[in-house]
Amino acid sequence: GGFNDVLSFDVRAEQWTRHKFVGASPSPRYDHSACRVAGSMYVLGGDGSGGSLNDLWEYALDTRTWTQVVNTTGSGPSPRVSHPLVPFGNRLVVFDGDLANS
């Protein structure tokens, strides 16, 4: 199984904080990728209860809300786990990965 909670660590105070959010959120997962772009964290894929995922979610750090990124054009990545997700200018670059063993 996996989790779908968000925690942040204050390096100066050396303190963990669990974020409370309202509304929709990604399903529990593990072996996903995540990266920060401006004021958001993006989460892609991973392994969930039904196998490998290829969904993309944005977590707005200031409002603590999740939004699934669905109105995209082009072919998105196939479902995958253990893959890097790297910000590059105004793009998110995903490379490699593997299929989950479900």
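**View A. Ring pairs join Phe21, Trp57, Tyr59 and Trp66 into a cluster.** The model shown here and in the other views is a predicted one. Across the whole structure, a search finds five aromatic pairs, and one of these is formed by Phe21 and Tyr59, which meet edge-to-face with 6.3 Å from centre to centre and 75 degrees between the planes. Because Phe21 sits in the loop between strand 2 (15-18) and strand 3 (33-37) while Tyr59 belongs to strand 5 (residues 51-60), this pair ties together parts of the chain that are 38 residues apart in sequence. A further pair brings together Trp57 and Trp66, whose ring centres are 6.3 Å apart and whose planes stand at 85 degrees, so that this contact is also classed as edge-to-face.

**View B. Solvent accessibility of the rings in the aromatic cluster, Phe21, Trp57, Tyr59 and Trp66.** Which of the terms, buried or exposed, applies to Tyr59? Tyr59 is buried, because its relative accessibility is 0%. Trp57 also counts as buried, with a relative accessibility of 7%, and Trp66 is assigned to the buried class at 10%. Phe21, by contrast, has a relative accessibility of 24% and therefore counts as partly exposed, since the buried class is reserved for residues under 20%.

**View C. A salt bridge between Asp55 and Arg29.** This is one of two salt bridges that a search of the whole structure finds. The closest nitrogen and oxygen atoms of Asp55 and Arg29 are 2.8 Å apart. Asp55 lies in strand 5 and Arg29 in the loop between strand 2 and strand 3, so the pair ties together parts that are separated by 26 residues in sequence. Both partners, Asp55 and Arg29, are buried.

**View D. A salt bridge between the side chains of Asp5 and Arg18.** The distance from N to O in this pair is 2.6 Å. Distant parts of the chain are linked here, for Asp5 is found in the segment before strand 1 and Arg18 in strand 2, 13 residues apart. As for accessibility, Asp5 counts as partly exposed because its relative accessibility is 35%, whereas Arg18, with a relative accessible area of 52%, is exposed.

**View E. A nonpolar surface patch made by Leu7, Phe9, Val11 and Trp16.** The patch covers about 440 Å². Leu7, one of its members, is placed in strand 1, which spans residues 7-10. With a relative accessibility of 38%, Leu7 counts as partly exposed, and this value is compatible with membership of the patch because patch residues must have over 30% relative accessible area.

**View F. The largest pocket, which holds about 550 Å³ of space.** The lining of this pocket comprises 21 residues, of which Leu56, Thr72, Gly76, Pro77 and Leu92 are the closest to its centre. Which elements give two or more residues to the lining? They are strand 4 (40-48), strand 5 and strand 8 (91-94).

**View G. Glu58 in strand 5 and its distance from Leu92.** Glu58 is partly exposed, because its relative accessible area is 24%. Although Glu58 and Leu92 are 34 residues apart along the chain, their C-alpha atoms are separated by 12 Å.

**View H. Two residues other than glycine with a positive phi, Glu14 and Arg64.** Phi of Glu14 is near 50 degrees, and this residue is placed in the loop between strand 1 and strand 2. Glu14 is exposed, given that its relative accessible area is 64%. For Arg64, which likewise is not a glycine, phi is about 55 degrees. Arg64 is located in the loop between strand 5 and strand 6 (65-68), and with a relative accessibility of 31% it counts as partly exposed.

How values were computed: Residues are numbered from 1 along each chain as its sequence is written. This is a predicted model: local features need pLDDT of at least 70, side-chain atom pairs count only at pLDDT 80 or more; totals for chains, interfaces and linings use all residues. Side-chain values use heavy atoms; hydrogens and water are left out. Patches are made of residues with over 30% relative accessible area and no salt bridge: like charges are joined within 9 Å, nonpolar side chains (Val, Leu, Ile, Met, Phe, Trp, Tyr) within 5 Å. Accessible areas come from the Shrake-Rupley method with a 1.4 Å probe; for residues, only the protein chains shown count as cover. A salt bridge is a side-chain nitrogen of Lys or Arg within 4 Å of a carboxyl oxygen of Asp or Glu. Helices (H or I, at least four residues) and strands (E, at least two) are DSSP runs, numbered from the N terminus. Buried means under 20% relative accessible area, exposed over 50%, partly exposed in between (1.4 Å probe, protein chains only). Rings of Phe, Tyr and Trp (its six-membered ring) pair if their centres lie within 6.5 Å; planes under 30 degrees apart count as stacked, over 60 as edge-to-face and the rest as tilted. On a 1 Å grid over the protein atoms alone, a cavity is a set of points where a 1.4 Å probe fits but cannot get out, and a pocket is an open set with protein on both sides within 12 Å along at least five of seven lines; lining residues have an atom within 4 Å of a point. Grid points are joined across faces, edges and corners, and a volume is the space filled by probe spheres set on the points.
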